[in-house]
Amino acid sequence: MTDPVEKVLALWGLSGAECRLVAGRENRVFRVVAPWGTAALRLRRPGYRSDAELRSELDWMAAMRKAGLSVPQPIASASGALLEQVEGFRVDLLQWLPGQPLREGRAPLALSDAPAVFARLGAEMARFHAACDAWTPPEGFIRLRWDAEGLLGKAPIWGQFWDNPTLSADQRAFFLRFREKAAAELARIGGALDLGLIHADLVGENVLLDGDRLHLIDFDDGGWGFRLFDIATALLKHRQEPDYPALEAALLAGYGQLRAVDAAPLPLFMALRAVTYLGWIVPRLREDGGTARNARFIADAEVMCARWLDAQG
């Protein structure tokens, strides 16, 4: 085993605990059965986040848990640290939350009452955003910034989507045109939009259904950003569902019951979310399924960007 799992487990007093790998695309995540319950052991991808960003994520999750949100509780090691380092890996341990993902991959939604679930998700997102606004981050708190610069600047968080090497010349020109128009629109309306800490990756795999409860997991990409970007992320990959209009309406209604939302700019943020994947996929093109995912991302982004650009006249 190349991962220093046994050394890590010892730091939490869990030597010999049952442990198996459950995810390995970004961070390597292990399910650990401890005497006191089940936990998620994460070996963070080297170089992906700074130590300050990783500690900030853990402080943030602990604060959200304290505020009553159902998110994983970070568990301190025997030394009292939430983040440890072993053989070059930054590692942490989180409470394991039960439930099934809202959606896995491209599988169709399998919910008996999907609009009701999306209404609950919207309400949970509103509660999360309110809890973030009520929390004062500690000194040294550092997270990503999904603002105009982080989405459309010279160095977007997930890379220069317009320079995806598989784009044709016409496609590159199209996405550059979108970038220019979208930047101008954000400059015009951005100051009036709801901005604060966001999860930034509330895709179906990161929302767990547990009876009537919803759990939000994986804050790895969270940071400062537009709340509409969070909503767009939660919706984008469900666009092909036959009842998508009802799902979108339900999520917005659930959100709106607890927190004001102006959904007029949502098509822009759906397009902004879609283009981020064109940058994200570039270092992953050679992974299994990378070529097919890239083709889907490009097709989705073309549709979303064209829809928004056409609406601009």
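A salt bridge, as the term is used here, is a side-chain nitrogen of Lys or Arg within 4 Å of a carboxyl oxygen of Asp or Glu. By that yardstick, Arg42, Arg44, Arg49, Glu57, Asp92, Arg143, Asp220 and Asp221 are linked in a network. The model is a predicted one, and it holds 22 salt bridges.

One pair from the network is worth a look on its own. Aspartate 221 and arginine 49 form a salt bridge whose closest N and O atoms are 2.7 Å apart. The two partners come from distant parts of the chain, 172 residues apart: aspartate 221 sits in the loop between strand E10 (213–216) and strand E11 (223–226), while arginine 49 sits in the loop between strand E3 (37–44) and helix H2 (51–66). Both ends are tucked away from the surface. Aspartate 221 counts as buried because its relative accessibility is 7%, and arginine 49 counts as buried too, at 12%.

Two further salt bridges also reach across the sequence. Arginine 259 pairs with aspartate 133, with the closest N and O atoms 2.5 Å apart. Here a loop meets a helix: arginine 259 belongs to the loop between helix H7 (244–256) and helix H8 (266–280), and aspartate 133 to helix H3 (residues 114–134), with the two positions 126 residues apart in sequence. Burial is uneven in this pair, since arginine 259 is buried at a relative accessible area of 16%, whereas aspartate 133 is partly exposed at 43%. In the other case, glutamate 87 forms a salt bridge with lysine 7, and the closest N and O atoms are 2.5 Å apart. Glutamate 87 lies in the loop between strand E4 (84–86) and strand E5 (89–95) and lysine 7 in helix H1 (residues 5–11), so this salt bridge ties together parts that are 80 residues apart in sequence. Lysine 7 is partly exposed, with 49% relative accessible area.

Turning to the sheet, five strands make up an open arrangement in the order E1-E2-E3-E5-E4, with antiparallel pairing. Strand E1 (18–23) and E4 are the edge strands; each has a single partner, so one side of each is left without a neighbour in the sheet. On average, and ignoring direction, neighbouring strands are turned by 30 degrees against each other. For E4, the antiparallel pairing with E5 runs over three bridges, and valine 86 has phenylalanine 89 in E5 as its bridge partner.

Helix H2 lies across E3 and E5, and runs at about 5 degrees to E5. The 16 residues of H2 should span 22 Å at 1.5 Å a residue, and the 23 Å between its end C-alpha atoms agrees with that. Its buried residues are Glu53, Leu54, Ser56, Glu57, Leu58, Trp60, Met61, Ala63 and Met64. Glu57 is thus on the buried list and is also a member of the salt-bridge network. The cover over these buried residues includes E3, E5 and H3, along with strand E7 (144–146), strand E8 (195–198) and E11. After H2 comes glycine 68, which has a positive phi, near 100 degrees.

A separate set of pairings involves E9. Strand E6 (residues 100–101) and strand E9 (residues 207–210) pair in the antiparallel sense over two bridges, with proline 101 opposite leucine 208 in E9. E9 is also joined to E10 by four bridges, and these two strands run antiparallel. In that pairing, valine 207 stands opposite leucine 216 in E10. E9 and E10 form a hairpin with two residues between them, and glycine 211 in the turn has a positive phi of about 65 degrees.

As for the overall picture, the protein chain has nine helices and eleven strands. Its radius of gyration is 20 Å, close to the 20 Å that the globule rule gives for 313 residues, so the chain is as compact as a globular protein of that length. Along the principal axes, the C-alpha atoms fill a box of roughly 65 × 45 × 40 Å. Buried residues account for 51% of the 313 residues. Among contacts between residues at least 6 apart in sequence, 71% join residues at least 24 apart.

Technical notes. Residues are numbered from 1 along each chain as its sequence is written. This is a predicted model: local features need pLDDT of at least 70, side-chain atom pairs count only at pLDDT 80 or more; totals for chains, interfaces and linings use all residues. Side-chain values use heavy atoms; hydrogens and water are left out. Buried means under 20% relative accessible area, exposed over 50%, partly exposed in between (1.4 Å probe, protein chains only). The expected span of a helix is 1.5 Å times one less than its number of residues. Contact means heavy atoms within 4.5 Å. Two strands pair if DSSP finds at least two bridges between them. Axes are lines fitted to C-alpha atoms, for helices over the stretch in contact, and angles run from 0 to 180 degrees between N-to-C directions. The radius of gyration is taken over C-alpha atoms; the globule rule is 2.2 Å times the number of residues to the power 0.38.
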